[in-house]
Amino acid sequence: MSSSTEQEAVPATDELREQVLGAARRARVAAGELAVATRAVKDTVLHAMAEALTTRVEEVLTANAADLDAGKAAGLTQSLLDRLALNPARIEGIADGLRTVAGLPDPVGEVLRGGVLANGLETRQVRVPLGVLGMVYEARPNVTVDAAGLALKSGNAVLLRGSSTAERSNTALVAILRDVLAEHGLPADAVQLLPCHDRASVRHLITARGLVDVVIPRGGAGLISAVVTEATVPTLETGVGNCHVYLDAAADVDMATRITLNAKTRRVSVCNAAETVLVHSAIADKVVPQLARELSSAGVTLHADERFAALAGVATVPVTEQDWDTEFLSLDIAAKVVDSLAEAIAHINEHGSGHTEAIVTGDLRAAREFTARVDAAAVMVNASTAFTDGAELGMGAEIGISTQKLHARGPMGLAELTSSKWLVFGEGHVRGVS
């Protein structure tokens, strides 16, 4: 139940609906302007946004400090507080992200295919902006700027529905971005922050067909599921990461240990962290003791099956059926010994979330079999699952990682925020009667 103060601060349902739809209408007008903006203009604005963030850093830090105080009083976990927290270095990093996006090629207008037909018609399929993006996300202020920057570069307007825990931070950031847009002759309504104290604002956003072109949910499984289930607007679904590392019979033991350790412990709270390790029985007696020792020394709790536990040489806990389907996001990993590549692939396809899967092997045939048969947005061969990241894959930045099977799968960068249109040029051509 909301407090009386919060209830007073939140508009009535009809008023809230009109606020959201009004913002969407303004965004649609702004999107029309952005669609024809040149790369030079967009890049200039992105650099100006980066500069404004660094020169107005105190405004952002003051707002963020208030959010952090409120979050502590509300009992937010330390991990959530860390995601919420900003400091000068983090703000500089956010600004650098905008500069990086400015340096990327403009996807708008890229010719995907085309040519001259036998009848003389000239055809081209070109990239165009999606239009109005709706972004629903949790308490990460950096997403506010990342989404705005990527939307601008790809010629889209964006409606941002962040978490109430980051309300002051997001308000300060969006105010800066809107000021820069206006100063450079672009519509400030290209970036708008929606009300965040009532979940109804999400519902109004994700059902605004005809005003909003695409909704992108980014956050925990509950948030993503709720948006995808209730949305009538098309959704680009980001996904949770129940990622696996399979150590094949032909794996180098040291490489297998190094990759698994990095995939699990580099940063446990991210979606590309490994949550299960599968070890081929042919090398289990060599790799399991070393791997288990290294993981345990790093503070990882091993949820092991009987065969893995018998070889581990360190304390483990019995794995449960639920563990195979769990995105731990913590210093925990499920572990199993398998008897074949086929068994590993079957386990991954049954329990994986379609995010990132990795094989460590010196056998090219096994690598090809794994990459062909594993159903995931990204498949790594002799590399950590941590590389599923837009910046790491040379995309500069990402708006999220998609695990669905539509046009956007894996890290979603500028190209994934575009659609296409066909341009056909004739000289009085008419089609015959069939």
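Student: How much space lies in the largest cavity?

Tutor: Good place to start. Rolling a probe the size of a water molecule over the atoms shows where empty space is left. Keep in mind that this is a predicted model. Here, the largest cavity holds about 30 Å³ of space, and the structure has one cavity of 30 Å³ or more.

Student: Which residues line the largest cavity?

Tutor: The lining consists of Asn-262, Ala-263, Arg-266, Arg-267, Val-270, Asn-272, Ala-273, Thr-385 and Ala-386. By residue class, that lining divides into four nonpolar, three polar and two charged.

Student: Let's turn to pockets. How much space lies in the second largest pocket, and how many residues line it?

Tutor: The second largest pocket has about 530 Å³ of space. Its lining is made of 22 residues, and those nearest the centre are Glu-138, Arg-161, Arg-199, Val-202 and Leu-223. In classes, the lining of this pocket splits into eleven nonpolar, five polar and six charged residues.

Student: Which element gives the most to the lining of the second largest pocket?

Tutor: Helix H10 does, with five residues. At least two lining residues come from each of strand S3 (132-137), helix H9 (200-206) and helix H10 (221-230).

Student: Now the sheet. What is the order of the strands in the open sheet of seven?

Tutor: First the general idea: strands of a sheet pair through backbone hydrogen bonds, either parallel or antiparallel. In this model, the open sheet of seven strands follows the order S10-S9-S11-S8-S7-S12-S13, and the pairing is parallel. Strand S10 (317-318) and strand S13 (378-381) stand at the edges with a single partner strand each, so one side of each has no neighbour in the sheet.

Student: How many bridges join S9 to S11, and how many join S9 to S10?

Tutor: Strand S9 (residues 301-304) pairs with strand S11 (residues 332-338) in the parallel sense over four bridges. S9 and S10 also run parallel, joined by two bridges. You can follow individual residues across the sheet: His-303 stands opposite Ala-334 in S11, and His-303 also stands opposite Val-317 in S10. Ala-304, in turn, faces Ala-335 in S11.

Student: What about aromatic contacts: how many aromatic pairs does the structure hold?

Tutor: It holds one aromatic pair. The ring centres of Tyr-246 and Phe-370 are 6.2 Å apart and their planes meet at 15 degrees, so the pair counts as stacked, the cut-off for stacking being under 30 degrees. Tyr-246 belongs to strand S7 (residues 243-247) and Phe-370 to helix H16 (residues 364-373), so the pair ties together parts that are 124 residues apart in sequence.

Student: Are Tyr-246 and Phe-370 buried or exposed?

Tutor: Tyr-246 is buried, at a relative accessible area of 0%. Phe-370 is buried too, with a relative accessible area of 0%.

Student: Rings can also meet charges. Where does the charged end of Lys-336 sit?

Tutor: The charged end of Lys-336 sits over the ring of Trp-324, 5.6 Å from the ring centre.

Student: I would also like to read the backbone. What is phi of Leu-329?

Tutor: As background, most residues other than glycine have a negative phi, and most peptide bonds are trans. Leu-329 has a phi near 55 degrees, a positive value in a residue other than glycine. Leu-329 is in the loop between helix H14 (321-324) and S11, and it is partly exposed, with a relative accessible area of 32%.

Student: And where does Asn-382 lie?

Tutor: Asn-382 lies in the loop between S13 and strand S14 (401-402). Asn-382 has a positive phi of about 55 degrees although it is not a glycine. With 31% relative accessibility, Asn-382 counts as partly exposed.

Student: One last residue: is Pro-88 buried or exposed, and which helix holds it?

Tutor: Pro-88 lies in helix H6 (residues 88-102). Pro-88 counts as exposed, at 52% relative accessibility, where the cut-off for exposed is over 50%. For a sense of distance, Pro-88 and Thr-144 are 56 residues apart in sequence and 17 Å apart in space, C-alpha to C-alpha.

Definitions and conventions:
Residues numbered from 1 in each chain as written. Predicted model: local features only at pLDDT ≥ 70, side-chain atom pairs only at ≥ 80, totals over all residues. Heavy atoms only, no water. Phe/Tyr/Trp six-rings, centres within 6.5 Å; stacked < 30°, edge-to-face > 60°. Buried < 20%, exposed > 50% of the residue type's maximum accessible area, 1.4 Å probe, protein only. Lys NZ or Arg CZ within 6 Å of the ring centre and 35° of its normal. 1 Å grid on protein atoms, 1.4 Å probe; cavity = no way out; pocket = protein on both sides within 12 Å on 5 of 7 lines; lining within 4 Å. Points joined across faces, edges and corners; volume = space filled by probe spheres on them. Nonpolar A, V, L, I, M, F, W, Y, C, P; charged D, E, K, R; others polar. Pairing = 2+ DSSP bridges.
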